[in-house]
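Student: I have a model open in front of me and would like to learn how to read its helices. Could you walk me through it?

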Amino acid sequence: MEVLNGNTFASMLRSGAAMLGEKREEVNDLNVFPIPDGDTGDNMFMTIDSGNTEVMSYDNSSLDEVAASAAKGMLLGARGNSGVILSRIFAGISHGLEGCEQTDVRGLSEAFKSGVEEAYRAVSMPVEGTILTVYKDAVRYASERVKEDSSFEDFFDDFLLELHSSLERTPELLAVLKESGVVDSGGAGFIYIVEGMRKALSGETLSSVEQMISGQKKKVDISLFTEDTELTFGYCTEFLLRLQKSKVDKDKFDLNELIEYLNSVGDSVVAFRDDSIVKVHVHTKTPGEILNHCQKYGEFLTIKIENMTLQHHESVEKKVQEEISSEASTGGNSGNGFRKKVRKKYGIVSVAAGEGIKEFFISLGCDAVVDGGQSMNPAAEDFIKSFDEVNADTIFVFANNSNIYLTACQAAELYKASDIRVIDTKTIGEGYAAISMLDTSSDDVDRIIGDIKSSAASVVTGVVSKANRETSMDGVAVREGDYIGFVGDKIYLDTENRDEAVLGLARDLNCGSYDVAILIAGKDATQEEADMLKNKLAGEYKRTEFVMIDGKQPVFDYMLVLM
């Protein structure tokens, strides 16, 4: 074949998606961490299949139209770091094909080079030994071998040859790959895509692969707040209190005594101190009493009191208004009497998995919570929908997972109706600390972000999860089915018992040196076990205040947030 047109390119994309779809479990198994860690194969498949869906209706279209449509679909459907990078590769290819009704081998080679530039530009700190390196090496190798009589088959054969060679070299560039005895999963997934595209060039047809459907968000079933409704949920009360010398000797101020009082009049208590400032979060039906009590110690810097039942009511009302608006846009309603949602100055979007954690983030003041987390990576489109819901001039986005950060950044780049600021929080603990200490009173976005990062930096989030394969990392021999305790990529321990993993991790992290510890129980943890663990921890670390949250999150049996 001497000329590549839109129809052929669309066929190649379908074949690439189908090939990766058949092999995605193999790619998933290459993840170096011994728990579900982003599911690279699934993420890359959903990304390219989103592009494939966009071009399915294209027939006899120009090459640049097909490439642009596919790139747009991948941008909106990108999930996980590898998915985002994949989408940027094809965005670069699309840029290189602008104005091309069709192209020859040399033109495609130049477009692939644009893919390298775009992919590297999308990552603030590129890491070699990943899909970036594999793609870059293959583009350079194949492009150097393009001659006047080269065919597209020749180009892809050279491209695949170097893809495989570069992939085999990735463990030499990334120590974590070498230690685990695997190659880069993103690079492996990309090879399957290209193999499928090469088969399409030869006229081979792969069976179509149905797009994986992620779990649907669960709707919260609550009643509207009427004159007959009881205040079941109470008030989410938060404030910053500055201790005053005229009222209390700050060196003698007893935070534990305050916490004991707060627990007697409310629940979900989190309180900690930073020099002369005390941060308090509590759910209570009598916020006035708490404010009066705390004013004995100082004066308030900020106060936020919100009716949590009304928060739920607002969420339900949003859905109703969206349905009405959708009906109006299709001609089902004239739109008369619609209430225009008031635009706010600042809004908050967070990412979380587990109904308990999501409700907790809403109680902290999040305007929208995107469903996602470990092995559950939202698409850029999910973020964009949440930005529309929030309707604010500036929206702070907390990714709470390193594998979601790039997708959130991509959504921010696509969204033009608000100033989107993505904060690189890597854990639920960092997200909690940042949101709970968020103070917008300065009205200086850069200063606000600086304070947010400072709040998140001091938090340690330990995790207990079941290992899904055997490995050896950080001097710890991990057995399949055991429970491991880890922070980030560092594994501290391996044990057969889940409760021993929690207690052992607390010891390894020197839990007693922290003022506050939040124990978040996952969906598989029993209430009896969670209560037992909290009581044991509180008994062993008496100076630390322990808070229990029934997070109901998947994958992570327990999270221990230390502040």
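Student: Which residues are buried in H13?

Tutor: In H13, the buried residues are Gly356, Ile357, Lys358, Phe360, Phe361, Ser363 and Leu364. Buried means under 20% relative accessible area, exposed over 50%, and partly exposed in between, with a 1.4 Å probe and protein chains only. Helices (H or I, at least four residues) are DSSP runs numbered from the N terminus. Please keep in mind that this is a predicted model, in which local features need pLDDT of at least 70, side-chain atom pairs count only at pLDDT 80 or more, and totals for chains, interfaces and linings use all residues. Residues are numbered from 1 along each chain as its sequence is written, and side-chain values use heavy atoms, with hydrogens and water left out.

Student: Why is H13 described as largely enclosed by the rest of the structure?

Tutor: Seven of the 10 residues of H13 (residues 355–364) are buried, so the helix is largely enclosed. Just after H13 comes Gly365, with a positive phi near 115°.

Student: Now to H10: where do its buried residues lie around the axis?

Tutor: The general idea first: an α-helix has 3.6 residues a turn, so residues three or four places apart point the same way. In H10 (residues 255–265), Leu255, Leu258, Ile259, Tyr261 and Leu262 are buried. They cover an arc of only 160° around the axis, which puts them on the same side of H10. That arc is taken from the directions from the helix axis to the C-beta atoms. The face turned away from this buried side carries the exposed residues Glu260 and Ser264.

Student: How do I describe two packed helices?

Tutor: Two packed helices are described by the angle between their axes and the distance between the axes. Axes are lines fitted to C-alpha atoms over the stretch in contact, and angles run from 0 to 180 degrees between N-to-C directions. For H10 and H11 (residues 287–294), the axes come within 11 Å and cross at roughly 165°. That makes H10 roughly antiparallel to H11, a label for angles over 145 degrees. Leu258, Tyr261, Leu262 and Val265 of H10 make the contact with Glu289, Ile290, His293 and Cys294 of H11, where contact means heavy atoms within 4.5 Å.

Student: At what angle do H1 and H2 pack?

Tutor: H1 (residues 6–28) and H2 (residues 40–55) pack at about 165°, with their axes 8 Å apart. That makes H1 roughly antiparallel to H2.

Technical notes: Helix = DSSP H or I, 4+ residues; strand = E, 2+ residues; numbered from the N terminus. Parallel < 35°, antiparallel > 145°, perpendicular 65-115°, else oblique.
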